[in-house]
Amino acid sequence: MLSWCGFYRKLRAAILRRGVHVEGSCCACGRCCRKIVLMDHGRWLHRERDFERLKREESHYERFRITGRTDDGMLTFTCDLLGEDNLCSVHDTRPDLCKTYPAKLLYYRGGILLDDCGYRYVEWTFRDAWDSLLGRKRIFDNVLRRELDKQDENGTDS
């Protein structure tokens with residue numbers, strides 16, 4: 001089930017014939033392992049009984065523990081195999097869900113990345129397409145993005 005945001009993202013990608021891509025790298029903060037939302041057969045988990053069934057069907061979900069709910073009512077989870085150093089204690093045998101994070105599927109389902117995540121989704125917008133069609137170059141946007149990336153890499157604020 002798509003959210004409105006996910007539907008819009010998918011529609012925009014289809015119209016513009018250009019999908020999202022992922023940039024960046026893991027900053028090993030462990031936050032993405034502490035506030036997880038899970039899917040089962042293309043649907044976000046909302047009910048504990050669905051999670052219990054999922055664990056019975058696929059044992060690698062045993063590593064996750066329910067910690068709360070999002071504002072939309074989705075269950076949130078934490079991974080019990082995250083070490084105190086914010087690294088996965090079973091990195092070599094982690095499930096595909098962890099290996100592919102942040103998957104494009106998350107973006108097209110309306111998901112977002114946590115603030116300060118080392119990754120970011122880069123999408124082609126209608127404005128990008130319009131500016132390209134008119135031959136406009138968005139030099140300021142590109143310069144600003146590079147400067148912000150430099151600050152992030154150096155860990156400085158302005």
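Is Arg53 buried, partly exposed or exposed, and at what relative accessibility? I would like to begin with that small question, and the answer is that Arg53 counts as partly exposed, because its relative accessibility is 25%, and the cut-off for buried is under 20%. Please keep in mind throughout that what we are looking at is a predicted model, and that the values I quote are computed from it.

Let me first give you the overall picture, before we return to Arg53. The protein chain has 6 helices and 6 strands, and if you follow the elements from the N terminus on, they run α-β-β-β-α-β-β-α-α-β-α-α. Along its principal axes the C-alpha trace spans about 55 × 35 × 30 Å, and of the 158 residues in the chain, 27% count as buried.

Now to the salt bridges, of which a search of the whole structure finds 9. Arg53 takes part in one of them, with Glu57 as its partner, and the closest N and O atoms of the two are 3.2 Å apart. Both residues lie in helix H2, which covers residues 48-57, and they are 4 residues apart, which is about one turn of the helix. Glu57 is partly exposed as well, since its relative accessible area is 46%.

A second salt bridge joins the side chains of Asp50 and Arg47, at 3.0 Å from N to O. Here the two partners fall into separate classes: Asp50 counts as buried because its relative accessibility is 16%, whereas Arg47, with a relative accessible area of 42%, is partly exposed.

The third one that I want to show you links Arg65 and Asp80, whose side chains meet at 2.9 Å, again from N to O. Arg65 lies in strand S4 and Asp80 in the loop between S5 and helix H3, so this pair ties together parts that are 15 residues apart in sequence. Arg65 counts as partly exposed at 43% relative accessibility, and Asp80 counts as partly exposed at 41%. There is also a network, in which salt bridges that share partners join Glu23, Arg120 and Asp149.

Let us stay with Arg65 for a moment and look at the strand around it. Strand S4, residues 64-69, pairs with strand S5, residues 75-79, in the antiparallel sense, over 5 bridges. Within this pairing Arg65 stands opposite Thr78 in S5. The hairpin made by the two strands has 5 residues between them, and there Gly73 takes a positive phi near 90°.

I will finish with the surface, where two patches can be pointed out. Which residues form the nonpolar patch on the surface? They are Trp4, Phe7, Tyr8, Leu11, Ile15 and Phe126, with about 690 Å² of accessible area together, and the largest share, 5 residues, comes from helix H1, which covers residues 4-16. Tyr8 has its place in that helix, and Tyr8 is partly exposed, with a relative accessible area of 40%.

The other patch is negative, and Asp115, Asp116, Asp152 and Glu153 form it. Glu153 is placed in helix H6, residues 139-154, and Glu153 counts as exposed, because its relative accessibility is 67%, and exposed means over 50%. Gln151 is also found in helix H6, but Gln151 counts as partly exposed at 27% relative accessibility. If you look from Gln151 across to Glu48, you will find their C-alpha atoms separated by 41 Å, with their positions 103 residues apart along the chain.

Note on methods. Residues are numbered from 1 along each chain as its sequence is written. This is a predicted model: local features need pLDDT of at least 70, side-chain atom pairs count only at pLDDT 80 or more; totals for chains, interfaces and linings use all residues. Side-chain values use heavy atoms; hydrogens and water are left out. Two strands pair if DSSP finds at least two bridges between them. Patches are made of residues with over 30% relative accessible area and no salt bridge: like charges are joined within 9 Å, nonpolar side chains (Val, Leu, Ile, Met, Phe, Trp, Tyr) within 5 Å. Accessible areas come from the Shrake-Rupley method with a 1.4 Å probe; for residues, only the protein chains shown count as cover. A salt bridge is a side-chain nitrogen of Lys or Arg within 4 Å of a carboxyl oxygen of Asp or Glu. Lys and Arg count as positive and Asp and Glu as negative; His and the chain ends are not counted. The place of a charge is taken as NZ of Lys, CZ of Arg, CG of Asp or CD of Glu. Buried means under 20% relative accessible area, exposed over 50%, partly exposed in between (1.4 Å probe, protein chains only).
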